[in-house]
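Open the model in your viewer and keep the selection tool ready. We will go from one surface spot to another, then zoom out.

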Amino acid sequence: MKLSKYIGRQIKKVIYFFTILPNKYSLYKGIRKIYRNNKKDFSAISGENLREHARIWSHLGSKPSLLWYKVFHGLSGIDDPHFVPEPYYFHKIELILNNKTLSYSYSDKNNYHKIIDNAYLPEVYFRNIEGNYYTGNYTPADNPEEINAFIPSDASRIITKASMGPGGGRSIQMFERTNDRWVNSAGNNLDLNYLVKTYGKNFLIQQHIKQHPSYSFFNETSVNTLRLFTYRSVKDNKVIPLHVLLRIGGKQSVVDNLSSGGVGCGVDLTGKIKPFGLCKNSRRFEEYNGIVFREVAPLYRFQEIINTGLEIAKGF
């Protein structure tokens, strides 16, 4: 019996190793590139702190690479050995705190209106769920080829996107009404054939929202979003705000995603943004789209946004 349990544990370790290997390789490849491109500008970390960092994270398995700590310190100027290396976060901590097998249903944007208060969401006009067509209210869509029948007559712009992967805003397109046609920036006309050709299945058409001037100020062509990172305490089940990120789209971009050319800027819990932002390749910006970050006033209705985010997080 002891031998069979031992063999079972070893098999699980082997399966785990090969499951995370592609992602682990990608993470290391990315951090090496960032470190190589920026190390000349990084200040040194004390040997004592490097040893403390290794001691802290060795408790979760193997000795951690110091690259993440060096990059974090170099880019932020913060020297804290408790900084979490990415492989430990994705392959250890996140798996302990979350049941990843349940995450797929939560990542499907076609499910959002079932689990989040619709007052916080843009209206959806048309859905494809596993090849089946529905209205925004999840009733079967008759004559789905008649796209205009599902879109309000007073709408001048709409957004199409995949409801599941890929991330990074790569699937998002904006269409504008031109007489009785919907046309995107590439000149493509919107119809059911175009949607199927572009997305296959699992996509939606939703309302194009007009952002408040306090946030469109950062970039008027994209919806610039606040991302709230939360932690549900294993001690008392309380949802705790950890970190807030303001994502800003590049000039003329419809999306604010970093992988599509945007910049992310940290925000403290008073609503004041950090004096610098970072792009996907970790290039540091103290000014972006003509805006000097350190001169920006605290974000509009920030505490209300955070409180709303914490309420939503309690449902997950």
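Buried means under 20% relative accessible area, exposed over 50%, and partly exposed in between (1.4 Å probe, protein chains only). This is a predicted model: local features need pLDDT of at least 70, side-chain atom pairs count only at pLDDT 80 or more, and totals for chains, interfaces and linings use all residues. Residues are numbered from 1 along each chain as its sequence is written, and side-chain values use heavy atoms, with hydrogens and water left out.

**Stop 1: K280.** Select K280. The residue sits in the loop between strand 10 (273-278) and strand 11 (284-285). Helices (H or I, at least four residues) and strands (E, at least two) are DSSP runs, numbered from the N terminus. K280 counts as exposed because its relative accessibility is 55%.

**Stop 2: its patch.** Add K29, K33, R36, K39 and R170; with K280 they form a positive surface patch. Patch residues have over 30% relative accessible area and no salt bridge; like charges are joined within 9 Å, nonpolar side chains (Val, Leu, Ile, Met, Phe, Trp, Tyr) within 5 Å. A salt bridge is a side-chain nitrogen of Lys or Arg within 4 Å of a carboxyl oxygen of Asp or Glu. Lys and Arg count as positive and Asp and Glu as negative; His and the chain ends are not counted. Each charge is placed at NZ of Lys, CZ of Arg, CG of Asp or CD of Glu.

**Stop 3: I11.** Now select I11, in helix 1 (residues 2-38). At 46% relative accessibility, I11 is partly exposed.

**Zoom out.** Show the whole protein chain: nine helices and 13 strands. Of its 316 residues, 36% count as buried.

Technical notes
Accessible areas come from the Shrake-Rupley method with a 1.4 Å probe; for residues, only the protein chains shown count as cover.
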